[in-house]
Amino acid sequence: MGNHTEFKRAVNLILENINVDANVNVSVFETNIRVVGGLLSAHILSGRVEGMQLHDGWPCSGPLLDLAVKFATKLLPAFNTETGMPYGTVNLKYGVNRFETPVTCTAGVGTFVIEFGALSRLTGDPHFEKIALNALDALYRARSGIGLVGNHINTETGLWTATDAGIGAGVDSYFEYLAKGGLLFHRPKLLQQFYDYEKAINKYIRQDDWFTWVSMTKGGVTFPIFQSLEAFWPGVLALIGKVDDATRILLTYFQINRQFGVTPEFYNLQNHETSNQRAGYPLRPEMVESMLYLYKATKDPTYLHEAAAMVEAIEHGTKTKCGYATIKDVNDYTLEDRMESFFLAETTKYLYLLFDEENFMHNDGTTSRIIDTPNGKCVIEAGGYIFNTEAHPIDPAMLYCCSSKKAEDITKLQKFEDNIDFISLLDLRDPHFQGMDKDLDKEDLSLEVNELDVGEEQMSPEIESEIEELERQWDQTDNIQVPLATPSSESNIQVPLATTTPTSEPNIQVPIPPPPTTTPTPTPDTTIQEPPISPTTPLSGVNADTPILLIDLKSSTSKTELQERVKVNKEVIELITNAKEHDKKQHAAGDLRSNLAGEILQYLIDIRNEYSNLLKISAKLETPTMENIKVQLAKRKYVQEQPGIEILDENICVPIERSSDSLALKRMLNIIYSKHILKRHQIRFIHGPICRPKDAPPKIEEMYFTNKPAIFGIEKAKLPKLCFRDFPGTRQPYTSNIER
């Protein structure tokens, strides 16, 4: 709107007065979409404010961004659950109360990826985005067999506590963030999840162009009610390009607006009237947001007329001396002394943008701004803004500017520019190029082009000599050759791996290389130089009369084992026979480098040698007996039962843990602490465990936990049944819901 002075005044008030360590319980969901999202949007838009003092690293750093990071960090302990889905409430000072209920609504789990993803892209810290994606993945895996999700879920167990499925209250922004998150961060996985839900919604929840509430497991209708929050759905469909379907749904919703002037919270689809106790209108923005997206997509003036009618209804029906009040009942327009914050943050903003068609938010990419940043030059404000569910706009260009992907893309482009060959891109066989040489004079061509001779395809002497050298090196490659059997022995080819000699260990055969053979090898073709074969190589001789002893048959302990060993030896003989036949055919074809049989023989010898060595080593290893194991376990149990070191300070037990299997070390530590360290500081030392006095209440810090979730990549969340949760460097005890 251009009110730069008010923007700067509000920023100064926030930076000077906000306390992120206040002892107050806040909604994780609301703090994210309103506080974190608002600070991110203000940080992004501050570059358009005249006279605004920007940080040197803007948009990748700045005080508003730092404050957003602090608030988001305060929310992270809520995600420290067994499933990765967050608790609903957190204390800014102390963390999550150990008695906090793990049940939260579906939207409270799946409405973080826009804000947390923007934080990660702007700051370079990937944990925020990973944590949000982890929660989304856990929620997606918790859907029912027919592809629907319920309304409330236990974030510790992953079990649904409210199984009504719909697109309204408690679920709406989850679907919204799947679509918007996929578009903003170019994540096809999120869009695919949205499409999966859309298919299930259209099959079970949609009734013509209305959406009811059904059972998430059976699909039967439970509440034939339209909720005003459902009006976001056409807008999301418009964002992903399904304009026709979105138009049909929104025009259906206009029937309610024309009946009451505004949209009541609940509308009974069977009786065509408002529902009891839910007939109010708290100035919600969902209908207007969908109008904005569809008007931008279609330019249909119908949406302007409907929006103007809503403006008149709000102006004449809700305006008071101090603002605009919530309508308690749309049937008689009785008012309630309350104005929701989303009226100014969303409803009025969308209405303003709907009628201000020249606003910079509507930029279609034809204009932009180039700025210098620590990451190099960046193009920003090119349009494509994505609004979070509280109507705070996020500029995707700024996220890209600060992300690591920009640096990767620059490297790829530079590499492409360095290696591109424009001449190779010209296709001289293209009919558009034929006859062009007749229309050109040599004076029209540059000196470089005149020097090119495209009529002949000749190879330079340097390239020819290089190819010849490579071929010569290839021909001289050192290969092991296996001689072919003579025609008289082709029908019964037997190649020994090695002769064996028994060792002191039972059932172990150690291969001994055969003596050098004097059998002459076939003379290779003189056109190809073959390397000489060493006379001492174990593969140089082939004796057709000696059987292959890959596995010794005499050491078999049973008839079944003997049969298996015979079977393996036959398979080896068949394998070698086939390999020699293959080599023979290749040699006949002129390829004397084929040596498949030799390679297989060498592999088998290596495997046998390794196996023999392993048997030798394993025979020397001591196998622990059950008696030794019992003695070791008894020793450890005795050590663990010894009294540990504990000090009494202000009536609170503080254990000093020293894990050790050594009783002497444990006693030595007791002496050091009791007679030296603790005594010097006049601390009372107590042998053995002590308990907290019953009249001493726990400290407030002990009622909360502040551990943040550990993220190792984006992995699937699990539902473990262990009583401890592991984190890098620590081991935190976990109390079950029953113990709570």
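## Helix α5 and the residue after it

In this predicted model, Gly-124 follows helix α5 and has a positive phi, near 85 degrees. The helix itself spans residues 113-123 and is mostly covered, with 9 of its 11 residues buried. The buried positions are Val-113, Ile-114, Glu-115, Phe-116, Gly-117, Ala-118, Leu-119, Ser-120 and Leu-122.

Leu-122 also appears among the contacts of His-43, a residue found in helix α2, as described in the next section.

## His-43 and the cis peptide bond

His-43 is part of helix α2. Its relative accessibility is 2%, under the 20% limit, and His-43 therefore counts as buried. Beyond neighbours within four places in sequence, His-43 is in contact with Trp-58, Pro-59, Ser-61, Gly-62, Leu-64, Leu-65 and Leu-122.

Two of these contact residues, Trp-58 and Pro-59, are joined to each other by a cis peptide bond, with omega at about 10 degrees. Pro-59 is located in the loop between α2 and α3.

## Overall composition

The chain has 740 residues, of which 42% are buried. Its secondary structure comprises 22 helices and 28 strands. Among contacts in the chain with a separation of 6 or more, 69% are between residues 24 or more positions apart.

The accessible surface of the chain amounts to about 42,600 Å², and carbon and sulfur atoms account for 54% of that area.

## Nonpolar cores

In soluble globular proteins, nonpolar side chains tend to be buried together. In this model, the largest nonpolar core contains 130 residues, and Phe-175 and Trp-233 have the most contacts inside it. Helix α6 supplies the largest share of this core, 9 residues. A second, separate core has 7 residues, including Ala-579, Ala-597, Leu-601 and Leu-604.

Phe-175 and Trp-233 are also in contact with each other. Leaving aside neighbours within four places in sequence, the other contacts of Phe-175 are Val-149, Gly-166, Ile-167, Phe-194, Tyr-197, Ile-201 and Phe-232.

## Val-149 and Gly-235

Val-149, one of the residues in contact with Phe-175, is placed in the loop between α6 (127-141) and β5 (152-154). Val-149 counts as buried because its relative accessibility is 2%, where the limit is under 20%. Apart from neighbours within four places in sequence, Val-149 is in contact with Thr-106, Leu-139, Arg-143, Trp-160, Asp-164, Ala-165, Val-171, Tyr-174, Phe-175, Tyr-197 and Met-216. Val-149 and Ala-165 are 16 residues apart along the chain, and 5.8 Å separates their C-alpha atoms.

Gly-235 lies in helix α9, which covers residues 232-239. With a relative accessible area of 1%, Gly-235 is buried. Its contacts, leaving aside neighbours within four places in sequence, are with Ser-290 and Tyr-293. The C-alpha atoms of Gly-235 and Met-291 are separated by 7.2 Å, although these two residues are 56 positions apart along the chain.

## The largest pocket

The largest pocket has a volume of about 1,400 Å³. Its lining consists of 37 residues, and Phe-7, Ala-42, Leu-45, Lys-349 and His-392 are those nearest its centre. The elements that contribute two or more residues to this lining are α1 (4-17), α2 (28-45), α3 (63-75) and α13 (341-355). Helix α1 contributes the most, with 8 residues.

By class, the lining of the largest pocket has 23 nonpolar, 8 polar and 6 charged residues.

## Enclosed cavities

Rolling a probe the size of a water molecule over the atoms shows where empty space is left. The structure holds 3 cavities of 30 Å³ or more. The second largest cavity contains about 40 Å³ of space.

The lining of the second largest cavity is formed by Ser-228, Thr-263, Tyr-281, Arg-284, Glu-286 and Met-287. These lining residues divide into 2 nonpolar, 2 polar and 2 charged.

## Positive phi outside glycine

Lys-299 is not a glycine, yet its phi is positive, at about 60 degrees. Lys-299 is located in the loop between α11 (286-298) and α12 (302-318). Its relative accessible area is 48%, and Lys-299 is therefore partly exposed.

Ala-391 likewise has a positive phi in a residue other than glycine, near 65 degrees. Ala-391 lies in the loop between β19 (386-387) and β20 (393-394). Unlike the partly exposed Lys-299, Ala-391 is buried, with a relative accessible area of 0%.

Terms used:
Residues numbered from 1 in each chain as written. Predicted model: local features only at pLDDT ≥ 70, side-chain atom pairs only at ≥ 80, totals over all residues. Heavy atoms only, no water. Helix = DSSP H or I, 4+ residues; strand = E, 2+ residues; numbered from the N terminus. Buried < 20%, exposed > 50% of the residue type's maximum accessible area, 1.4 Å probe, protein only. Contact = heavy atoms within 4.5 Å. 1 Å grid on protein atoms, 1.4 Å probe; cavity = no way out; pocket = protein on both sides within 12 Å on 5 of 7 lines; lining within 4 Å. Points joined across faces, edges and corners; volume = space filled by probe spheres on them. Nonpolar A, V, L, I, M, F, W, Y, C, P; charged D, E, K, R; others polar. Core = buried A, V, L, I, M, F, W, Y, C linked by side-chain atoms within 4.5 Å. Areas by Shrake-Rupley, 256 points an atom, 1.4 Å probe, with all protein chains shown as cover.
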